[in-house]
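Student: I should like to take a close look at a single part of this protein model. Could you please guide me through the sheet and the helices packed around it?

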Amino acid sequence: MTAAANKPQRWVFIGDSITDTGRREDPEGYGDGYVSRIREQLLVDDPACPIEFMNRGVSGDTVRDLRQRWQSDVTALKPDLLSVKIGVNDVWRSFDGAPNQAVNAEEYRATLRGLLGEASILECRLVLVTPFLVEVDKADPMRLEVENRARIVGELADEFGAVLVALQPAFDAAVDASTPQRWAPDRVHPSGAGHLLIAQTWLSAVRAAYPD
(Lines give C-alpha, C1' and ligand atoms only; values in the text may rest on other atoms or scores of the structure.)
Protein backbone atom coordinates (compact mmCIF):
# COMPACT_ATOMS: atom_id res chain seq x y z
CA MET A 1 0.00 0.00 0.00
CA THR A 2 3.01 2.29 -0.01
CA ALA A 3 2.82 3.51 -3.60
CA ALA A 4 -0.92 4.09 -3.36
CA ALA A 5 -0.37 6.15 -0.22
CA ASN A 6 1.93 8.58 -2.08
CA LYS A 7 -1.09 10.48 -3.37
CA PRO A 8 -4.12 11.75 -1.44
CA GLN A 9 -6.81 9.14 -0.97
CA ARG A 10 -10.13 8.86 0.82
CA TRP A 11 -10.92 5.65 2.64
CA VAL A 12 -14.51 5.17 3.82
CA PHE A 13 -15.50 2.59 6.44
CA ILE A 14 -19.22 1.89 6.69
CA GLY A 15 -21.06 -0.45 9.03
CA ASP A 16 -22.77 -0.79 12.39
CA SER A 17 -21.69 -0.21 16.01
CA ILE A 18 -18.51 -2.24 15.59
CA THR A 19 -17.40 0.37 13.07
CA ASP A 20 -19.10 3.32 14.78
CA THR A 21 -17.45 3.01 18.24
CA GLY A 22 -18.48 6.50 19.31
CA ARG A 23 -17.14 8.28 16.24
CA ARG A 24 -19.72 11.08 16.55
CA GLU A 25 -18.48 11.87 20.05
CA ASP A 26 -14.87 11.84 18.85
CA PRO A 27 -13.71 15.33 17.82
CA GLU A 28 -11.68 13.75 15.01
CA GLY A 29 -14.55 11.50 13.95
CA TYR A 30 -12.67 8.18 13.94
CA GLY A 31 -14.21 6.51 16.99
CA ASP A 32 -12.33 4.21 19.32
CA GLY A 33 -12.32 0.96 17.36
CA TYR A 34 -10.67 -0.84 14.50
CA VAL A 35 -10.90 2.15 12.14
CA SER A 36 -8.69 4.15 14.51
CA ARG A 37 -6.30 1.22 14.93
CA ILE A 38 -5.93 0.87 11.15
CA ARG A 39 -5.30 4.60 10.80
CA GLU A 40 -2.77 4.66 13.62
CA GLN A 41 -0.82 1.71 12.23
CA LEU A 42 -0.61 3.29 8.78
CA LEU A 43 0.55 6.57 10.29
CA VAL A 44 3.26 4.72 12.21
CA ASP A 45 4.32 2.96 9.01
CA ASP A 46 4.36 6.26 7.10
CA PRO A 47 4.12 9.48 9.15
CA ALA A 48 3.45 11.40 5.92
CA CYS A 49 0.57 9.09 4.96
CA PRO A 50 -1.97 11.34 3.14
CA ILE A 51 -4.97 9.02 3.45
CA GLU A 52 -8.19 10.64 4.63
CA PHE A 53 -10.05 8.19 6.88
CA MET A 54 -13.82 8.56 7.11
CA ASN A 55 -15.81 6.47 9.60
CA ARG A 56 -19.44 6.05 8.58
CA GLY A 57 -20.50 3.39 11.06
CA VAL A 58 -23.89 3.77 12.77
CA SER A 59 -24.76 1.72 15.82
CA GLY A 60 -27.66 -0.68 15.28
CA ASP A 61 -27.56 -0.61 11.50
CA THR A 62 -28.60 -3.48 9.24
CA VAL A 63 -28.27 -3.61 5.46
CA ARG A 64 -31.67 -1.91 5.27
CA ASP A 65 -30.22 1.10 7.07
CA LEU A 66 -27.17 1.13 4.83
CA ARG A 67 -29.51 1.22 1.85
CA GLN A 68 -31.12 4.39 3.21
CA ARG A 69 -27.85 6.27 3.64
CA TRP A 70 -25.69 4.78 0.88
CA GLN A 71 -25.95 7.85 -1.36
CA SER A 72 -24.81 10.31 1.30
CA ASP A 73 -22.31 8.12 3.15
CA VAL A 74 -20.74 6.29 0.20
CA THR A 75 -21.58 7.50 -3.29
CA ALA A 76 -21.33 11.21 -2.54
CA LEU A 77 -17.99 10.76 -0.79
CA LYS A 78 -16.35 9.14 -3.85
CA PRO A 79 -13.99 6.90 -1.87
CA ASP A 80 -10.77 5.47 -3.27
CA LEU A 81 -11.26 2.54 -0.92
CA LEU A 82 -14.54 1.39 0.61
CA SER A 83 -14.67 -1.04 3.53
CA VAL A 84 -18.08 -2.56 4.35
CA LYS A 85 -18.82 -4.47 7.55
CA ILE A 86 -22.46 -5.31 8.19
CA GLY A 87 -24.58 -8.28 9.21
CA VAL A 88 -24.62 -9.04 12.91
CA ASN A 89 -27.63 -6.80 13.66
CA ASP A 90 -29.50 -8.36 10.74
CA VAL A 91 -29.29 -11.62 12.71
CA TRP A 92 -29.28 -10.31 16.29
CA ARG A 93 -32.68 -8.68 15.97
CA SER A 94 -34.22 -12.16 15.76
CA PHE A 95 -32.70 -12.97 19.16
CA ASP A 96 -33.13 -9.69 21.08
CA GLY A 97 -36.89 -9.21 20.89
CA ALA A 98 -37.17 -7.23 17.64
CA PRO A 99 -37.79 -9.87 14.96
CA ASN A 100 -39.54 -7.37 12.67
CA GLN A 101 -36.20 -5.57 12.34
CA ALA A 102 -34.28 -8.74 11.46
CA VAL A 103 -33.12 -9.27 7.88
CA ASN A 104 -33.30 -12.79 6.50
CA ALA A 105 -30.51 -14.26 4.42
CA GLU A 106 -32.22 -13.71 1.06
CA GLU A 107 -32.93 -10.04 1.71
CA TYR A 108 -29.44 -9.58 3.16
CA ARG A 109 -27.83 -11.00 0.02
CA ALA A 110 -30.02 -9.05 -2.39
CA THR A 111 -29.63 -5.74 -0.57
CA LEU A 112 -25.88 -6.03 -0.11
CA ARG A 113 -25.42 -7.12 -3.72
CA GLY A 114 -27.37 -4.07 -4.88
CA LEU A 115 -25.23 -1.74 -2.78
CA LEU A 116 -22.01 -3.29 -4.01
CA GLY A 117 -23.23 -2.98 -7.56
CA GLU A 118 -23.61 0.74 -7.00
CA ALA A 119 -20.18 0.91 -5.41
CA SER A 120 -18.59 -0.82 -8.41
CA ILE A 121 -19.48 2.22 -10.52
CA LEU A 122 -17.17 4.28 -8.29
CA GLU A 123 -14.22 2.12 -9.36
CA CYS A 124 -12.82 2.14 -5.84
CA ARG A 125 -10.97 -0.60 -4.04
CA LEU A 126 -13.57 -2.67 -2.24
CA VAL A 127 -13.05 -4.48 1.07
CA LEU A 128 -15.76 -6.72 2.55
CA VAL A 129 -15.49 -7.62 6.23
CA THR A 130 -17.48 -10.60 7.49
CA PRO A 131 -19.73 -10.46 10.53
CA PHE A 132 -18.68 -12.67 13.45
CA LEU A 133 -19.87 -13.88 16.84
CA VAL A 134 -17.49 -14.58 19.70
CA GLU A 135 -19.19 -17.81 20.75
CA VAL A 136 -17.36 -21.08 21.47
CA ASP A 137 -20.44 -23.24 20.84
CA LYS A 138 -20.40 -23.75 17.08
CA ALA A 139 -23.95 -25.11 17.23
CA ASP A 140 -25.28 -21.92 18.83
CA PRO A 141 -28.28 -20.77 16.73
CA MET A 142 -27.15 -17.16 16.49
CA ARG A 143 -23.63 -18.17 15.54
CA LEU A 144 -24.97 -20.41 12.78
CA GLU A 145 -26.97 -17.51 11.35
CA VAL A 146 -24.02 -15.13 11.56
CA GLU A 147 -21.82 -17.68 9.81
CA ASN A 148 -24.45 -17.90 7.08
CA ARG A 149 -24.17 -14.13 6.54
CA ALA A 150 -20.39 -14.43 6.53
CA ARG A 151 -20.62 -17.02 3.75
CA ILE A 152 -22.80 -14.64 1.76
CA VAL A 153 -20.20 -11.90 2.19
CA GLY A 154 -17.52 -14.30 0.96
CA GLU A 155 -19.56 -15.15 -2.12
CA LEU A 156 -20.17 -11.48 -2.87
CA ALA A 157 -16.47 -10.74 -2.44
CA ASP A 158 -15.76 -13.29 -5.18
CA GLU A 159 -18.51 -11.85 -7.36
CA PHE A 160 -17.29 -8.26 -7.09
CA GLY A 161 -13.55 -8.93 -6.89
CA ALA A 162 -13.35 -7.48 -3.39
CA VAL A 163 -10.80 -8.13 -0.68
CA LEU A 164 -12.34 -10.45 1.91
CA VAL A 165 -11.54 -9.95 5.60
CA ALA A 166 -12.72 -13.11 7.37
CA LEU A 167 -13.06 -12.35 11.08
CA GLN A 168 -14.69 -15.49 12.50
CA PRO A 169 -11.52 -17.62 12.08
CA ALA A 170 -9.44 -14.87 13.68
CA PHE A 171 -11.68 -14.66 16.74
CA ASP A 172 -12.00 -18.45 16.98
CA ALA A 173 -8.22 -18.78 17.12
CA ALA A 174 -7.99 -16.09 19.80
CA VAL A 175 -10.70 -17.71 21.93
CA ASP A 176 -9.02 -21.11 21.62
CA ALA A 177 -6.06 -19.68 23.50
CA SER A 178 -7.94 -17.56 26.06
CA THR A 179 -11.54 -16.68 26.94
CA PRO A 180 -14.40 -15.15 24.92
CA GLN A 181 -14.77 -12.32 27.44
CA ARG A 182 -11.28 -11.11 26.63
CA TRP A 183 -12.34 -10.41 23.04
CA ALA A 184 -16.05 -9.50 23.20
CA PRO A 185 -17.78 -9.52 26.60
CA ASP A 186 -21.27 -9.61 25.04
CA ARG A 187 -20.23 -11.84 22.10
CA VAL A 188 -20.85 -9.01 19.62
CA HIS A 189 -18.98 -5.84 20.59
CA PRO A 190 -15.19 -6.26 20.66
CA SER A 191 -12.97 -5.24 23.52
CA GLY A 192 -9.94 -3.07 22.84
CA ALA A 193 -7.96 -6.21 22.05
CA GLY A 194 -10.78 -7.38 19.80
CA HIS A 195 -10.68 -4.17 17.79
CA LEU A 196 -6.92 -4.49 17.43
CA LEU A 197 -7.42 -8.05 16.17
CA ILE A 198 -9.89 -6.77 13.57
CA ALA A 199 -7.47 -4.04 12.49
CA GLN A 200 -4.56 -6.45 12.12
CA THR A 201 -6.68 -8.96 10.19
CA TRP A 202 -7.95 -6.17 7.93
CA LEU A 203 -4.48 -4.81 7.25
CA SER A 204 -3.09 -8.27 6.55
CA ALA A 205 -5.80 -8.99 3.97
CA VAL A 206 -5.61 -5.60 2.28
CA ARG A 207 -1.81 -5.57 2.16
CA ALA A 208 -1.82 -9.04 0.59
CA ALA A 209 -4.24 -7.84 -2.09
CA TYR A 210 -2.59 -4.46 -2.64
CA PRO A 211 1.12 -4.79 -1.83
CA ASP A 212 1.82 -1.49 -3.57
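Tutor: The account below begins with the sheet, continues with a helix that packs on it, and ends with a further pair of helices.

Please keep in mind throughout that this is a predicted model. As general background, the strands of a sheet pair through backbone hydrogen bonds, in either a parallel or an antiparallel manner. In this model, five strands form an open sheet in the order 2-1-3-4-5, and their pairing is parallel. Strand 2 (51-57) and strand 5 (163-165) are the edge strands, each of which pairs on one side only. On average, neighbouring strands of this sheet are turned by 15° against each other, when direction is ignored.

Strand 1 deserves particular attention. Strand 1 (residues 9-15) runs parallel to strand 2, and seven bridges join the two. Within this pairing, Q9 stands opposite I51 of strand 2, while R10 has E52 as its bridge partner. Strand 1 is also joined to strand 3 by five bridges, again in a parallel arrangement. Here G15 lies opposite K85 of strand 3. Is strand 1 mostly buried or exposed? Of its seven residues, six are buried, so strand 1 is largely enclosed by the rest of the structure.

Let us turn to helix 9 and its neighbours. The axes of helix 2 (residues 34-45) and helix 9 (residues 192-209) come within 8 Å and cross at roughly 55°. Because an angle between 35 and 65 degrees is neither roughly parallel nor roughly perpendicular, helix 2 is oblique to helix 9. Their crossing is right-handed. On the side of helix 2, the contact is made by Y34, R37, I38, Q41, L42 and D45; helix 9 contributes H195, L196, I198, A199, W202, L203 and R207. By class, the residues of this contact comprise eight nonpolar, two polar and three charged.

Helix 9 also packs on the sheet, where it touches strand 1, strand 3 (81-85), strand 4 (125-129) and strand 5. The direction of helix 9 makes about 160° with that of strand 5.

A further pair of helices may be read in the same manner. Helix 5 (residues 105-120) and helix 6 (residues 141-160) pack with their axes 10 Å apart, at an angle of about 30°. Angles under 35 degrees count as roughly parallel, and therefore helix 5 is roughly parallel to helix 6. Helix 5 passes helix 6 in a right-handed crossing. From helix 5, the residues in contact include Y108, R109, L112 and L116, and among those of helix 6 are R149, I152, V153 and F160. This contact has eight nonpolar, two polar and five charged residues.

Finally, one residue of helix 5 may be examined individually. T111 is located in helix 5. Its relative accessibility is 17%, so T111 counts as buried. Leaving aside residues up to four places away in sequence, T111 touches V63 and R67.

Definitions and conventions: Residues numbered from 1 in each chain as written. Predicted model: local features only at pLDDT ≥ 70, side-chain atom pairs only at ≥ 80, totals over all residues. Heavy atoms only, no water. Axes fitted to C-alpha atoms, helices over the stretch in contact; angles between N-to-C directions. Helix = DSSP H or I, 4+ residues; strand = E, 2+ residues; numbered from the N terminus. Parallel < 35°, antiparallel > 145°, perpendicular 65-115°, else oblique. Left-handed = near helix turned anticlockwise from the far one by under 90°. Contact = heavy atoms within 4.5 Å. Nonpolar A, V, L, I, M, F, W, Y, C, P; charged D, E, K, R; others polar. Pairing = 2+ DSSP bridges. Buried < 20%, exposed > 50% of the residue type's maximum accessible area, 1.4 Å probe, protein only.
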